[in-house]
Amino acid sequence: MRRILYLIHRWTGIAMCALMALWFVSGMVMLFVGYPKLTPAERLAALPPLAAGCCIEPAQALARSHHPAAVQAITLTSIAGRAHYQLLEHDGRTTQVDAATGALAPKPDAQAAVAAARMFKPGAPARYAGLVVEDRWTHSRGLNPHRPLHVVELDDDAATRVYVSSATGQVMLDAPRAERYWNFAGAWLHWLYMLRQQNTDPVWTWTLIGLSAVGVLSAVTGMVNGVQRWRFKGRYKSGARTPYREFAMRWHHVLGLGFGLVLCTWMFSGLMSMNPLGVFNAREAKPAAAAMQGGTPASVRLAQPVVQVLALLHAQPFAPRELEWRVLGGAPFIVARDGRNDTRIVAAGGDGLAVTKQWQPARLEAVARRLLPYPVRSFEMVTAPDAYYYQRGDASMYGGNERRLPALRVVFDDPGHTWVYLDAATGQVALSIDSTQRVGRWLFNFLHSWDLPALLSPVHGGARIAVLIALSAGGLLLSATAVVIAVRRLRRMA
């Protein structure tokens, strides 16, 4: 059995050592430069403030929709510098209506894409570079409703590449040149995106799962072999505790004992990140957000005109960049967002409108019971990040997720032991996670990136990065010695 384990480690190590070294290098890069994304705050910062007298009423915009009753969300935003209503239907399709004239917005063409890019980076010369369905920077499934994407190259200091939706005309992604170049050594290499042909690619998925599984087997057998061959009591004839005298073999053994456990956990958590066979999929029905809302803006809206809403917000003072018409428990309200993605709630109050920063816990608790047809075990207003609800940095693959505080944590007594977090600033479901998904959070996110809220805090964040770099450097040296040994073995065989 020892011989079999030794041979398994030898040949899986030969197969995986170079790739493991590249994974360590790219992982260190990803600590600082993430895969290109446009965060909500970046998107809103590029929009002009909504003027008080800018717009027609939502009902006039709805009249331009082919299926007004199917509209699930109404948003007043800006496209290429002009205010537009965006009507989202239940099937994901959107209709854009010019908020000044009430006319349907034409399908975005090259000229519209360039105009949107120029508004995103004012003053930067823009050059249209064509249409792409998907390239190495646009694998995200969130971009599917917007494909194909218009590509515009900006001649700014960062040489930014901008991707514009062919459905809405909005900027969906920005990728500065430095970010793109670093990503060749970072996320693009780490996730082996050179093998990925589309955002849903089973060949790429199972290739990565297979390679990760072989890597786990190599790391685990290496740890077993290393412990067996180390003399914890006594020494070999050479006077050392390792039997290996040759430089690469000796240091591979020593480094393996020092960093092998980290290698095992990172390889295993990398495998878990691929969710093989859907082992971390939610097992029960998802919370019914529509039941909690109790209506749609197509049928239930505030009676006050939009000009009054904007004037009230400007008087706060609050400079809205977007307005979202929503419903909570059958009552209409508006979420306003400014250029920093701060929010305000505009709802009926007294004889008119009231502006608040967040919903009261009692109101959220009342509507939260509608999410699932099961009893609620507990309510808790979360005012600090917990192990499941926390904000990641922009470089993280989760950097675009909104995790505002406070949030109401609702624990249901359902078969899946579901936890739901309601954003108190918007009244929307920010996160839903059942027991299976919580296990996946620990086996992937925690083991792979040590993302406990305490470790992500400004106080300890720098120390976390330093430790991860040190451990990655040790893993890289371990992989490098394996490469030397593998090359030597293959040369002897040849």
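Which helix holds Phe444? Phe444 is found in helix H12, which covers residues 435-449. Since the structure shown is a predicted model, everything below describes computed geometry.

**Around Phe444**

Phe444 counts as buried because its relative accessible area is 13%, under the 20% limit. Leaving aside neighbours within four places in sequence, the residues in contact with Phe444 are Ser269, Met272, Ser273, Met397, Tyr398 and Ser449. Ser269 makes a nice example of a partner from elsewhere in the chain: Ser269 and Phe444 are 175 residues apart in sequence, yet their C-alpha atoms are 4.5 Å apart in space.

**The overall picture**

Stepping back, the protein has 14 helices and 15 strands. Its C-alpha atoms fill a box of roughly 90 × 55 × 40 Å along the principal axes. Of the 494 residues, 48% count as buried. The accessible surface comes to about 23400 Å², and carbon and sulfur atoms account for 61% of that surface. Contacts across the sequence are well represented too: among those between residues at least 6 apart, 63% join residues at least 24 apart.

**Empty space**

Rolling a probe the size of a water molecule over the atoms shows where empty space is left. The structure holds one cavity of 30 Å³ or more, and about 180 Å³ of space lies in the largest cavity. Its lining is made of 16 residues, with Ala46, Leu47, Ser78, Ala80 and Val171 nearest the centre. Strand S1 (71-79) and helix H4 (110-120) are the elements that give two or more residues to this lining. By type, the cavity lining divides into ten nonpolar, five polar and one charged.

The second largest pocket has a volume of about 620 Å³. It is lined by 31 residues, and those nearest its centre are His9, Arg10, Met249, His252 and Ile485. Four helices each give two or more residues to that lining: H1 (2-30), H7 (202-229), H8 (247-273) and H14 (458-493). The pocket lining divides into 15 nonpolar, eleven polar and five charged residues.

**Salt bridges**

Side chains of opposite charge can pair when their charged atoms come close. How many salt bridges does a search of the whole structure find? The search finds 16, including these three:

| Salt bridge | N to O distance |
|---|---|
| Arg82 and Asp98 | 2.8 Å |
| Arg326 and Glu324 | 2.6 Å |
| Asp386 and Arg409 | 2.7 Å |

Take the pair of Arg82 and Asp98, whose closest N and O atoms are 2.8 Å apart. This pair links distant parts of the chain, with Arg82 in strand S2 (residues 82-89) and Asp98 in strand S3 (residues 94-98), 16 residues apart. The two ends sit in unlike surroundings: Arg82 is partly exposed, with a relative accessible area of 41%, whereas Asp98 is buried, with a value of 9%.

Asp386 and Arg409 form another salt bridge, at 2.7 Å. Asp386 lies in the loop between strand S12 (376-382) and strand S13 (407-412), while Arg409 is in strand S13, so the pair ties together parts that are 23 residues apart in sequence. Both Asp386 and Arg409 are buried.

Arg326 and Glu324 meet through their side chains at 2.6 Å, and both residues are buried. Arg326 and Glu324 also belong to a network of salt bridges that links them with Arg337, Glu402, Arg404 and Asp423.

How values were computed. Residues numbered from 1 in each chain as written. Predicted model: local features only at pLDDT ≥ 70, side-chain atom pairs only at ≥ 80, totals over all residues. Heavy atoms only, no water. 1 Å grid on protein atoms, 1.4 Å probe; cavity = no way out; pocket = protein on both sides within 12 Å on 5 of 7 lines; lining within 4 Å. Points joined across faces, edges and corners; volume = space filled by probe spheres on them. Nonpolar A, V, L, I, M, F, W, Y, C, P; charged D, E, K, R; others polar. Buried < 20%, exposed > 50% of the residue type's maximum accessible area, 1.4 Å probe, protein only. Contact = heavy atoms within 4.5 Å. Areas by Shrake-Rupley, 256 points an atom, 1.4 Å probe, with all protein chains shown as cover. Salt bridge = Lys/Arg side-chain N within 4 Å of Asp/Glu carboxyl O.
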